[in-house]
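Please open the structure in your viewer and keep the sequence panel visible beside it. The tour below suggests what to select at each stop and describes what is found there.

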Amino acid sequence: MQPDIADKPDAYPLPEIIGQVRFEAVSFEYESSLPVLHDVSLTARPGQVVALVGPSGAGKTTLVNLIPRFYDVTEGAILLDGRDIRDIQLKSLRRQISIVLQDVFLFHGTVRENVLFGRPDAREDDLVEATKIANAYEFITRLPHGFDTLIGERGVKLSGGQKQRLAIARAVLKDAPILILDEATSSVDTETEMLIQQALERLMVGRTTIIIAHRLSTVRNADLIVVLEGSRIVEQGTHAQLMALGGVYSRLSEVQMRLNARQT
Ligand code: ADP
């Protein structure tokens, strides 16, 4: 995180938001004169799913990390419901955003404490409900002490798929209008993958979702696909629009389809 990220003296808390996220000519560099994002503009309307695609190193992770202000833009602005996010109190901004990444952050504590991290004052039945929505309830009840099982460092070791479902439960409980997802590429078995996918679909309902997408079906069903390459957006539109365009996306998509056909 940039050390200089802090509230401006006149920063204000957000009122209830509807969840429109807009990048206006955003450029960003970690080190001066090494642009990682260049002139990026996009709009995620409330409740939409925006899929980010592009080769590794294109800037997808960097782009999503700018929304909760882990870093501040170098040029341009990011607007939440039309407000520059730098004018909003950091705590208030981050309360509106849930993040589910591949590399899940769990601390040493019980399963209950780890899920409640999403909303510390949640009631027990809301906690249980959240873990059911996240397809985590079953495995939690099979742990040696259920919700009171110690996990994280020195605790019971959870599988990658289990950790992810706890992160999803946390996000369900937090119930923020903006969701940032990094779709897993790590190897989990087919059944676990289905459980995670189903949990994510439930989580996404009614939220503005920006997803670093790897699954063809996620990309295809997105309201907006943003193709990043070499620090720029090279194409954006729906699957149908980008296929009709006959550019980078349509070529990638065709290669992907041929690979899939060969595997099955
Ligand atoms: P993607 O998610 O598309 O793979 P990233 O946003 O992770 O792309 O990375 C984009 C570029 O920014 C890469 O060249 C990467 O090396 C660089 N980068 C990522 N994080 C940092 C950082 N903390 N400091 C300096 N450079 C970084």
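Two residues are said to be in contact, or to touch, when heavy atoms of theirs lie within 4.5 Å. Helices (H or I, at least four residues) and strands (E, at least two) are DSSP runs, numbered from the N terminus. What you see is a predicted model, in which local features need pLDDT of at least 70 and side-chain atom pairs count only at pLDDT 80 or more, while totals for chains, interfaces and linings use all residues. Residues are numbered from 1 along each chain as its sequence is written, and side-chain values use heavy atoms, with hydrogens and water left out.

**Stop 1: helix α4**

Select residues 124–133, which form helix α4, and colour L127, V128, A130 and T131, which are buried (buried means under 20% relative accessible area, exposed over 50%, and partly exposed in between, with a 1.4 Å probe and protein chains only). These residues lie on the same side of α4, because they cover an arc of only 160° around the axis, where the arc is that of the directions from the helix axis to the C-beta atoms. If you now add α3 (111–116), α5 (137–142) and α6 (160–174), you will have selected elements that are included in what covers the buried residues of α4.

Move on to N135, which lies in the loop between α4 and α5. Its phi is near 55°, a positive value in a residue other than glycine. Most residues other than glycine have a negative phi. N135 counts as buried, because its relative accessibility is 16%.

**Stop 2: the ligand**

Which residues surround the ligand? Select Y30, V36, P55, S56, G57, A58, G59, K60, T61, T62 and Y71 to show them; a residue is counted here if one of its heavy atoms lies within 4 Å of the ligand. By class, this shell has five nonpolar, five polar and one charged residues, where Ala, Val, Leu, Ile, Met, Phe, Trp, Tyr, Cys and Pro count as nonpolar, Asp, Glu, Lys and Arg as charged, and the others, Gly among them, as polar. Helix α1 (residues 60–65) gives the most to the shell, with three residues.

For the atomic detail, look at K60, where a polar side-chain atom lies 2.8 Å from an oxygen atom of the ligand, and at G57, where a polar backbone atom is 2.7 Å from an oxygen atom of the ligand. On its own the ligand has 560 Å² of accessible area, of which the protein covers 58%; such areas come from the Shrake-Rupley method with a 1.4 Å probe, and for residues only the protein chains shown count as cover.

Stay with S56, which lies in the loop between β3 and α1. S56 counts as exposed, because its relative accessibility is 76%. Add L228 to the view, and you will find two residues that are 172 apart in sequence but 9.7 Å apart in space, C-alpha to C-alpha.

**Stop 3: strand β2 and the loop after it**

Select T43, which lies in strand β2 and is buried, with a relative accessible area of 18%. Its side chain makes a polar contact with the side chain of R22 at 2.9 Å (a polar contact is a pair of N or O atoms within 3.5 Å; within protein, one must be able to donate a hydrogen and the other to accept it, and residues adjacent in sequence count only if both atoms are side-chain atoms). The C-alpha atoms of T43 and V21 are separated by 5.8 Å, although these residues are 22 apart along the chain.

Next comes Q48, in the loop between β2 (35–44) and β3 (49–53). Leaving out residues up to four places away in sequence, Q48 touches T43, R207, T208, T209 and D223, and Q48 is buried, with a relative accessible area of 17%.

**Stop 4: R69**

Finally, select R69 in the loop between α1 and β4 (75–80). Is R69 buried or exposed? R69 counts as buried, because its relative accessibility is 3%. The side chain of R69 makes a polar contact with the side chain of D72, at 2.8 Å. Among the residues that R69 touches, not counting those up to four places away in sequence, are I5, A6, I85 and R86.
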